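Student: I should like to learn how to read the charged pairs and contacts of a protein model. May we work through one together?

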Amino acid sequence: MKKQKWFPYALVLPAVLIVALFIVFPIIQAVSMSFHSIGFTASRQNQYVGLSNYHNMLINPSFRRALRVTLTYTVGSVLGAYLIGLATALLMNMRFRGRHFARMCLLLPWALPQVVVAMIWMLMYDYQYGIVNYLFMKFGLIEQNVNWLGDPSGIIPMIAVLLTSIWNQFPVAMLMLLAGLLMIPSELYEAADIDGAGVFQRFRYITLPGLRSVTNVLILLFTIWAFKRFDLIYLMTQGGPLQATETLIVQTYQQAFQFWNMGYAATLGMFSLVLSLLFSAIYLQVVKFGGESML
Amino acid sequence: MKRIILDKRLQSSIATYILAIITLIILFFPVYWMILTSLQNKSMTYAYPPRLIPLSLRFSNYISALTGKPIIRWLSNTLIVSISTTMLCVLVSAFAAYSISRFRYRGRLILGMFILASQMFPATLFIVPYYTAMQKIGLINTLYGLAMTYTSFSIPLCVWMMKGFFDSIPREIEDAAEIDGCDKVQVLFHIVLPVSLAGIVATALFAFITAWQEFMFARTLITTMDKWTGSVGVASLRGEYEAYWNDIMAAAVVFALPVVIVVMSLERYLVSGLTGGAVKG
């Protein structure tokens with residue numbers, strides 16, 4: 001029994017190898033690229049430029065704009081998906097016939113491929129023929145057709161992208177919060193009933209605290225995912241109009257494959273990496289102080 | 001007394017029903033719209049005011065979409081990539097997660113933390129080195145190169161999920177098996193894996209879903225149309241000036257259907273997967 005000391009190492013070796021080759025090695029390459037200006041023609045080879053990519057990034061107003069856009073998008077989509085997820089979870093927690101069927105239907109927005117989600121919403125957001133404009137006008141929410149994905153103000157497209165993201169993401173929140181709700185002991189609710197607590201009091205003093213650890217995991221997960229999100233935003237607006245929806249990730253891609261500034265793109269990538277690591281570290285610390293550890 | 005309680009219950013259940021139906025209608029509407037558009041002709045889609053309830057339906061969009069574009073080819077490419085990714089990822093992740101969960105050895109904690117941290121790396125960080133590296137070693141524009149890429153990205157999340165599952169399996173089962181004379185390899189294959197089947201399914205589900213719908217790397221690393229995956233194919237249907245929405249929606253439905261079916265039938269594994277096995281069912 002004791003002689004198979006190599007066993008645990010052998011088990012973990014394939015994963016380590018793959019991760020080392022496909023994750024660690026490219027990161028090292030990206031670090032190196034961020035210190036160069038990458039050329040693709042014979043006349044313009046790779047040049048070592050030291051920290052100038054980083055310097056250019058920090059003084060670039062496009063970069064700072066991307067930071068603001070990323071913040072807006074992340075906060076908006078995480079909060080929105082969480083709240084809708086919470087509302088639907090509370091609803092699905094009640095007993096009614098067809099509950100399982102309803103839950104499956106509400107799962108669909110997440111089950112659909114992101115490309116499909118983007119296509120559907122681009123159709124719905126169409127300026128002239130889109131159903132969103134039609135319905136919103138009918139319900140009196142807007143006065144005239146809105147150019148959801150192209151309005152120069154930039155605010156409308158951001159809202160449009162947020163709505164789509166929230167629609168796509170909320171089922172995950174719903175499922176996890178539903179599971180969390182089921183874990184709250186019913187004795188607590190019974191005791192509350194005996195004490196004469198109202199609906200809002202029950203929610204505030206039993207439900208919300210009971211969901212705290214699930215909420216913590218959810219917020220962290222959603223924030224990381226929102227920060228990394230590319231497909232939906234790029235497909236719907238390509239970061240436009242006029243970079244209004246260009247998050248850090250989208251900008252990195254544009255710099256790499258539209259402007260072919262590979263070195264600068266690598267720099268942006270480095271920044272994103274540091275940012276996400278920092279956020280996770282801070283968040284984990286904050287959560288630990290909050291009481292329950294979640295992993 | 002009884003009558004009041006009965007009325008209250010009835011009221012709240014009717015209210016619940018209405019609320020559920022309204023919520024369902026609002027949140028399900030885009031899916032309904034997609035299916036509806038795929039079954040209509042152009043004049044109805046561009047009609048104003050648009051009809052919410054259709055007058056007539058037709059399937060010819062599906063025919064023209066399937067014959068006009070190589071959708072079947074795209075689907076088979078996607079299937080190859082997704083299944084390869086899932087199998088490789090589950091295998092590698094299960095072994096690694098078991099190792100991290102069950103054994104104590106040097107570097108275990110750092111390994112675990114690193115695997116967790118690599119989940120957070122933005123994909124755009126990798127796209128540039130991947131593109132140049134894959135070109136050099138000749139894996140660019142190959143489905144298996146893409147599958148390897150997806151596997152490497154899915155491993156962190158899969159290891160994290162599987163570790164949660166393994167943690168929740170009591171060690172007594174394994175100890176009992178070892179007392180009965182099984183060595184560690186036998187314990188892993190004959191005892192632990194069957195018991196953690198739910199975890200394996202959940203992990204496989206996530207790997208599959210991620211691979212099926214991935215867009216950015218598929219678009220960048222695949223350079224010829226014949227190797228396009230479904231994501232890239234469907235995205236390409238929307239030209240810069242024209243969009244044949246009926247055909248696009250038909251293609252979208254065809255592309256979405258397999259993964260939707262998989263998710264719906266394995267839906268109960270989703271929650272336990274997301275919470276790492278801590279929550280059953």
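Tutor: Let us begin with one residue, E267(B), which counts as buried at 6% relative accessibility; buried means under 20% relative accessible area, exposed over 50%, and partly exposed in between, with a 1.4 Å probe and protein chains only. Please note that this is a predicted model, in which local features need pLDDT of at least 70 and side-chain atom pairs count only at pLDDT 80 or more, whereas totals for chains, interfaces and linings use all residues. Residues are numbered from 1 along each chain as its sequence is written, chains are lettered from A and ligands numbered from 1 in the order in which they are written, and side-chain values use heavy atoms, leaving out hydrogens and water.

Student: With which residue does E267(B) form a salt bridge?

Tutor: Side chains of opposite charge can pair when their charged atoms come close. The rule for a salt bridge asks for a side-chain nitrogen of Lys or Arg within 4 Å of a carboxyl oxygen of Asp or Glu. Here the partner of E267(B) is R103(A), and their closest N and O atoms are 2.5 Å apart. R103(A) is partly exposed, at 22% relative accessibility.

Student: How many salt bridges does the rule find over all chains?

Tutor: The count is 3 over all chains. R103(A) lies in helix 4 (residues 99-111) of chain A, while E267(B) lies in the loop between helix 13 (245-265) and helix 14 (268-274) of chain B, so this pair joins two chains. Helices here are DSSP runs of H or I with at least four residues, numbered from the N terminus. Another salt bridge links K163(B) to D167(B), with the closest N and O atoms 2.8 Å apart. These two residues stand 4 residues apart in helix 7 (residues 143-167) of chain B, which means that about one helical turn separates them. K163(B) is partly exposed at 30%, and D167(B) is partly exposed at 40%. R202(A) also pairs with D193(A), at 3.3 Å between the closest N and O atoms.

Student: How many residues does each chain bring to the contact between chain B and chain A?

Tutor: Contact means heavy atoms within 4.5 Å. Chain B brings 88 residues and chain A brings 82. Buried area is the accessible area (1.4 Å probe) that two parts lose on being put together, summed over both. For these chains the area is about 8,200 Å², and carbon and sulfur atoms give 83% of it. L27(B), M120(B) and L125(B) supply 8% of the area that chain B buries against chain A, more than any other three residues. Across this interface the rule finds 1 salt bridge.

Student: How many disulfides does the structure hold?

Tutor: A disulfide is a pair of cysteine sulfur atoms within 2.5 Å. The structure holds 0 disulfides over all chains. C158(B), for example, is in no disulfide, and the nearest cysteine sulfur, that of C89(B), is 3.2 Å away.

Student: Is C158(B) buried or exposed?

Tutor: C158(B) is buried, at 2% relative accessibility. C105(A) is buried as well, with a relative accessible area of 11%.
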